[in-house]
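I opened this entry to keep a record of what I looked up, in the order I looked it up.

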Amino acid sequence: MVQSLWTDPSLRRRGIARELKRLGEEWARSVGATTIATNVAPKNREMILLNETLGFCVDSSPSDPPPAGYVRMTKAL
Ligand SMILES: CC(C)(COP(=O)(O)OP(=O)(O)OC[C@H]1O[C@@H](n2cnc3c(N)ncnc32)[C@H](O)[C@@H]1OP(=O)(O)O)[C@@H](O)C(=O)NCCC(=O)NCCS
């Protein structure tokens, strides 16, 4: 589960978040994970776009629902 991610506004659109998430996925695969998940506020357009470009999809019926006000996005590894 990716808990939170934030890039300094002066350094955005340079691939920093993409690389951090790539490294997280690499680590998750190395310990045998088969899926990766993140919770995101529906209004957080940048985060949703980032996740979508990385292959995450909204999970409309997660087995353990996200906190109120968030959607769960998952990706098969
Ligand atoms: C979302 C966020 C982490 C992205 O960080 P970043 O380092 O700028 O992201 P990247 O440069 O790696 O972007 C990767 C891709 O995501 C998408 N993306 C990211 N920001 C975007 C934006 N403002 N508009 C459109 N697409 C965007 C693009 O597809 C981008 O690829 P591209 O630049 O080649 O088009 C950053 O905007 C942020 O910190 N936002 C606030 C996060 C927040 O609210 N955190 C608290 C809740 S967890």
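**Entry 1: faces of a strand.** Along S1, which side chains point to one face and are buried, and which point to the other and are not? I was working from a predicted model. I found Ile36, Thr38 and Val40 on one face, and these are buried. Thr35, Ala37 and Asn39 point to the other face and are not buried. I noted the general rule beside this: in a regular strand, side chains alternate between the two faces of the sheet.

**Entry 2: overall make-up.** I then went back to the whole chain. I listed two helices and three strands. Their order along the sequence reads α-β-α-β-β. The radius of gyration is 12 Å, and the globule rule gives 11 Å for 77 residues, so the chain is as compact as a globular protein of that length. I also took the box filled by the C-alpha atoms, which is roughly 35 × 30 × 20 Å along the principal axes. Buried residues come to 10% of the 77 in the chain. For contacts with a separation of 6 or more, I noted that 55% join residues 24 or more positions apart.

**Entry 3: confidence.** I checked how far the prediction can be read. The average pLDDT of the chain is 94, and 97% of the residues score at least 70. Confidence is lowest in S1, with a mean of 93, and highest in H2, at 97. I kept the general caution in mind that where pLDDT is low, predicted coordinates should not be read in detail.

**Entry 4: the sheet.** In what order do the three strands lie in the sheet? I wrote down S1-S3-S2, an open sheet with antiparallel pairing. S1 (35–40) and S2 (57–58) are at the edges with a single partner strand each, so one side of each has no neighbour in the sheet. As a general matter, strands of a sheet pair through backbone hydrogen bonds.

I went through the two pairings in turn.

- S1 and S3 are antiparallel and joined over six bridges. Within this pairing, Ala37 stands opposite Thr74 in S3.
- S2 and S3 (residues 71–76) are antiparallel and joined over two bridges. Here Cys57 has Thr74 in S3 as its bridge partner, and Val58 stands opposite Met73 in S3.

I noticed that Thr74 turns up in both pairings, opposite Ala37 and as the partner of Cys57.

**Entry 5: Asn39.** I picked one residue of strand S1, Asn39, for a separate look. Is Asn39 buried or partly exposed? I counted 18 other C-beta atoms within 10 Å, so Asn39 is partly exposed. Apart from neighbours within four places in sequence, Asn39 is in contact with Pro66, Pro67, Tyr70 and Arg72. I also took a distance to Met73: the C-alpha atoms of Asn39 and Met73 are separated by 6.2 Å, with the two positions 34 residues apart along the chain.

**Entry 6: Glu26.** Next I turned to helix H1, where Glu26 is found. Glu26 has 10 C-beta neighbours inside 10 Å and so counts as exposed. The distance I noted for Glu26 was to Lys43, which is 17 residues apart from it along the chain; their C-alpha atoms are separated by 28 Å.

**Entry 7: Arg13.** I looked at the segment before H1, where Arg13 lies. Arg13 is not a glycine, but its phi is positive, at about 60°. With 9 other C-beta atoms within 10 Å, Arg13 is exposed.

**Entry 8: around the ligand.** Which of the 17 residues around the ligand come nearest? I wrote down Thr7, Arg12, Ala17, Arg18 and Leu50. Helix H1 (16–30) and helix H2 (45–53) each give at least two residues to the shell. The largest share comes from H2, with five residues. Sorted by type, the shell holds seven nonpolar, five polar and five charged residues.

Key: Residues are numbered from 1 along each chain as its sequence is written. This is a predicted model: local features need pLDDT of at least 70, side-chain atom pairs count only at pLDDT 80 or more; totals for chains, interfaces and linings use all residues. A residue is near a molecule or strand if its C-beta atom, placed from the backbone, lies within 6 Å of it. Helices (H or I, at least four residues) and strands (E, at least two) are DSSP runs, numbered from the N terminus. Ala, Val, Leu, Ile, Met, Phe, Trp, Tyr, Cys and Pro count as nonpolar, Asp, Glu, Lys and Arg as charged, and the others, Gly among them, as polar. The radius of gyration is taken over C-alpha atoms; the globule rule is 2.2 Å times the number of residues to the power 0.38. A residue is buried if 20 or more other C-beta atoms lie within 10 Å of its own, exposed if 12 or fewer, and partly exposed in between; C-beta atoms are placed from the backbone. Two residues are in contact if their C-beta atoms, placed from the backbone, lie within 7 Å. Two strands pair if DSSP finds at least two bridges between them. pLDDT is the predictor's confidence in each residue, from 0 to 100.
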